[in-house]
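User: I am a first-year student and would like to learn how to read a protein structure. Could you guide me through one?

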Amino acid sequence: MMGFALVSSVVLARCLGPEGRGIFALVLILPELAASFGLFGFDQANVVYAGLEPGGQRALVWQSLAIAAIAGGALVLGGAFYLSLGAPGFHSLIHAPLWMYLVPLSVVPLRLLTQYWGSILRGMNRIWMINVYEAGAKAVSLTLLVALVVGLRFGVAGAIWADWLMGVGGAIVLLALLQKVKVW
């Protein structure tokens with residue numbers, strides 16, 4: 001996985017250049033911060049409870065969905081409102097069109113959901129499944145970056161859409177994995 005991360009960093013640095021790489025990093029700051037706050041420790045609690053209470057795993061899945069929708073939705077709305085005001089107090093945060101900030105912000109609920117659901121699988125001792133998922137996600141992410149940034153030359157916009165696709169795709173794959181282990 002570190003190899004995929006290294007290659008994607010090189011691809012982004014070479015293809016986007018210093019300014020594009022900086023804008024891409026700047027665009028991802030708010031969604032990453034929102035997702036970190038939105039976890040509320042539930043990802044860690046899900047690992048514990050999924051292992052201690054096997055009969056409650058299905059309830060954890062639905063509880064995680066509700067928390068991700070409510071907390072993630074509130075974070076998206078709050079972040080979008082903050083950005084629409086021009087990021088008061090952090091005016092230097094805005095160096096790109098507003099849509100470039102809103103696209104990655106829109107998948108915060110799905111990113112929370114993938115963290116919560118991945119934790120449930122980890123608590124169920126499905127470590128191999130989670131490792132394959134994470135390695136596959138890195139490989140797909142690199143492929144999308146190469147296709148959108150290098151192949152189609154979409155630049156920063158391509159990197160943003162690759163990130164968005166990974167957020168949506170990750171939730172879909174984890175949903176399928178939860179169905180496979182029969183807790184959905």
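Analyst: The discussion below moves from the whole chain to single helices and then to single residues. Please keep in mind that this is a predicted model.

User: Where should one begin: how many helices and strands does the protein chain have?

Analyst: One begins by listing the elements of secondary structure. The protein chain has 7 helices and 0 strands, and in sequence order the pattern reads α-α-α-α-α-α-α. With a radius of gyration of 17 Å, close to the 16 Å given by the globule rule for 184 residues, the chain is as compact as a globular protein of that length. Along the principal axes, its C-alpha atoms fill a box of roughly 50 × 35 × 20 Å.

User: What share of the residues is buried, and what share of the contacts joins residues at least 24 apart?

Analyst: Buried residues account for 42% of the 184 residues. Among contacts between residues at least 6 apart in sequence, 76% join residues at least 24 apart.

User: What can be said of the surface and the charges?

Analyst: The accessible surface is about 9,800 Å², and 70% of it belongs to carbon and sulfur atoms. There are 10 positive and 6 negative side chains, and the centres of these two sets are 10 Å apart.

User: How does one read a single helix, for example α3?

Analyst: One compares its span with the expected value, and then asks which residues are buried. Helix α3 covers residues 57-84, 28 residues in total, and reaches 39 Å from its first C-alpha to its last, close to the expected 40 Å. An α-helix has 3.6 residues a turn, so residues three or four places apart point the same way. The buried residues of α3 include Leu 60, Ser 64, Ile 67, Ala 68 and Ala 71. The cover over the buried residues of α3 includes α1, α2, α4, α5 and α7. After α3 comes Gly 86, with a positive phi near 90 degrees.

User: Does the same reading apply to α6, and which of its residues are buried?

Analyst: The same steps may be followed. Helix α6 spans residues 127-151; its 25 residues should span 36 Å at 1.5 Å a residue, and its end C-alpha atoms are 34 Å apart, which agrees. Its buried residues are Met 129, Ile 130, Tyr 133, Leu 142, Leu 145, Leu 148 and Val 149. Among the elements that cover them are α1, α5 and α7. Just after α6, Arg 153 has a positive phi of about 55 degrees.

User: Turning to single residues, is Asn 46 buried or exposed?

Analyst: One looks at the relative accessibility, where a value under 20% means buried. Asn 46, in helix α2, has 2% relative accessibility and therefore counts as buried. Beyond its neighbours within four places in sequence, Asn 46 is in contact with Leu 60, Ser 64, Tyr 116, Ser 119 and Ile 120. Of these partners, Leu 60 and Ser 64 are among the buried residues of α3.

User: What of Leu 177 and Ile 172: is each one buried or exposed?

Analyst: Both belong to helix α7. Leu 177 counts as buried at 15% relative accessibility, whereas Ile 172 is exposed, with a relative accessible area of 54%. Leaving aside residues up to four places away in sequence, Leu 177 touches Leu 121, Met 129 and Tyr 133; Met 129 and Tyr 133 are buried residues of α6.

User: How far is Ile 172 from Thr 114 in sequence and in space?

Analyst: Separation along the chain and distance in space should be read side by side. Ile 172 and Thr 114 are 58 residues apart in sequence and 8.9 Å apart in space, C-alpha to C-alpha. For Leu 177 and Ser 8, the corresponding values are 169 residues and 26 Å.

Terms used:
Residues are numbered from 1 along each chain as its sequence is written. This is a predicted model: local features need pLDDT of at least 70, side-chain atom pairs count only at pLDDT 80 or more; totals for chains, interfaces and linings use all residues. Side-chain values use heavy atoms; hydrogens and water are left out. Helices (H or I, at least four residues) and strands (E, at least two) are DSSP runs, numbered from the N terminus. The expected span of a helix is 1.5 Å times one less than its number of residues. Buried means under 20% relative accessible area, exposed over 50%, partly exposed in between (1.4 Å probe, protein chains only). Contact means heavy atoms within 4.5 Å. The radius of gyration is taken over C-alpha atoms; the globule rule is 2.2 Å times the number of residues to the power 0.38. Accessible areas come from the Shrake-Rupley method with a 1.4 Å probe; for residues, only the protein chains shown count as cover. Lys and Arg count as positive and Asp and Glu as negative; His and the chain ends are not counted. The place of a charge is taken as NZ of Lys, CZ of Arg, CG of Asp or CD of Glu.
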